[in-house]
Amino acid sequence: MRVLLIGANGYLGRFVADRLLADPAVQLTALGRGDDADVRFDLATGSPGALTRFLDAVHPGVVVNCAGATRGGARELTRHNTVAVATVCEALRRSGCGARLVQIGCSSEYGPSQPGSSTAEDAVPRPGGPYGVSKLAATELVLGSGLDAVVLRVFSPAGPGTPAGSPLGRLAEAMRRAMQSGDGDLKLGGLGAQRDFVDVRDVARAVHAASLSAAQGVINIGSGRAVRLRDAAATLARVAGYGGTLHELDGPPGGHLRPAIGHPRTDSDHSAPVAFPYPDGCGSWQQADVRTARDRLGWRPRINLEESLADIWMEAACRI
């Protein structure tokens, strides 16, 4: 099976590439903006005609699109997340390859949901920010393209390679600095949000399964369990061996979170607080209904959050 992977050097794309390369039946070609891509092509500026000519030459059976932007203004997000997908869809329509498209979407397309609920694929999307809007527009382009296509709506990916600018990445970096300086008190804000974390390697397995399946439409990829960021912080402190106190700035008055390991420092702390906002436009709660992934892809998450956090910490600790 010939697979064209777009965005192979991104956070998700690297693991998708590893998963596909491990399948001896897959012949993988990487397309991207970097010098190490098999073919250099910028979806945001390249023409559908140029991409069509490449598709006709390579003749892939599956195109996986992991490319996109998570940061920037509305114009940049639209260019990289929406216009780029329009280019892919138009090129596939013009091409004679007849390739299946696996598009990586995101849970920000749904926007805020009711605390305690699980969001299924038939929920009405109400994205709360430009990122979610740009990704939702891409999903609508894919679904309306008439192609053999599936959109995997990935919830909050975690694990090795987690970007330093993500909430879990910033949390690990703050803990690394605290341990390096011997600080026994770490003040954290923005830990009230609850998110559905799914390991990036499980996401790669889902992409592989979707590539081989005939499933179409939208499929949620998550763990099916919302976790409060303050609980993730406590787990990270345990796996890191951080013996200090995690003071939660947005928790109950006078409240704080103590890891199970070590003893908190009792003297006053004058360090500046570290805030961890979750600016994804999804409010205080997100939890995926993952029954469709189970039923149509035969996929279930295998890696728990503690293992994901341990891998995040190992990478952060290497910077000590």
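A disulfide is a pair of cysteine sulfur atoms within 2.5 Å. By this criterion, a search of the whole predicted model returns 0 disulfides. For cysteine 89, the closest cysteine sulfur belongs to cysteine 97 and lies 12 Å away, so the separation is too great for a bond. Cysteine 89 is also buried, its relative accessibility being 2%. Cysteine 282 likewise takes part in no disulfide; here the nearest cysteine sulfur is that of cysteine 106, at 7.4 Å. With a relative accessibility of 1%, cysteine 282 is classed as buried.

With regard to secondary structure and overall dimensions, the protein comprises 9 helices and 13 strands. Its radius of gyration is 21 Å, close to the 20 Å that the globule rule gives for 320 residues, and the protein is therefore as compact as a globular protein of that length. Along the principal axes, the C-alpha atoms fill a box of roughly 70 × 40 × 35 Å. Of the 320 residues, 53% are buried. The exposed surface of the protein amounts to about 13,800 Å², of which carbon and sulfur atoms supply 52%. Contacts were further examined by sequence separation: among those between residues at least 6 apart in sequence, 80% join residues at least 24 apart.

Aromatic contacts were searched across the whole structure, and 1 aromatic pair was found. The pair is formed by tyrosine 110 and phenylalanine 155, whose ring centres are 6.1 Å apart and whose planes are inclined at 35°, a tilted arrangement. The two partners are 45 residues apart and link distant parts of the chain. Tyrosine 110 is located in the loop between strand 5 (100-106) and helix 4 (130-143), while phenylalanine 155 occupies the loop between strand 6 (149-154) and strand 7 (156-158). The tilted assignment follows because an angle of 35° is neither under 30 degrees, as stacked rings require, nor over 60, as edge-to-face rings require.

The surroundings of this pair were also characterised. Tyrosine 110 is buried, with a relative accessible area of 3%, and phenylalanine 155 is buried with a relative accessible area of 3%. Both values fall below the 20% cut-off, so both residues are assigned to the buried class. In addition to its aromatic partner, phenylalanine 155, tyrosine 110 has a charged neighbour: the charged end of arginine 153 sits over the tyrosine ring, 4.6 Å from its centre.

Definitions and conventions
Residues are numbered from 1 along each chain as its sequence is written. This is a predicted model: local features need pLDDT of at least 70, side-chain atom pairs count only at pLDDT 80 or more; totals for chains, interfaces and linings use all residues. Side-chain values use heavy atoms; hydrogens and water are left out. Rings of Phe, Tyr and Trp (its six-membered ring) pair if their centres lie within 6.5 Å; planes under 30 degrees apart count as stacked, over 60 as edge-to-face and the rest as tilted. Helices (H or I, at least four residues) and strands (E, at least two) are DSSP runs, numbered from the N terminus. Buried means under 20% relative accessible area, exposed over 50%, partly exposed in between (1.4 Å probe, protein chains only). A charge sits over a ring if NZ of Lys or CZ of Arg is within 6 Å of the ring centre and within 35 degrees of the ring normal. The radius of gyration is taken over C-alpha atoms; the globule rule is 2.2 Å times the number of residues to the power 0.38. Contact means heavy atoms within 4.5 Å. Accessible areas come from the Shrake-Rupley method with a 1.4 Å probe; for residues, only the protein chains shown count as cover.
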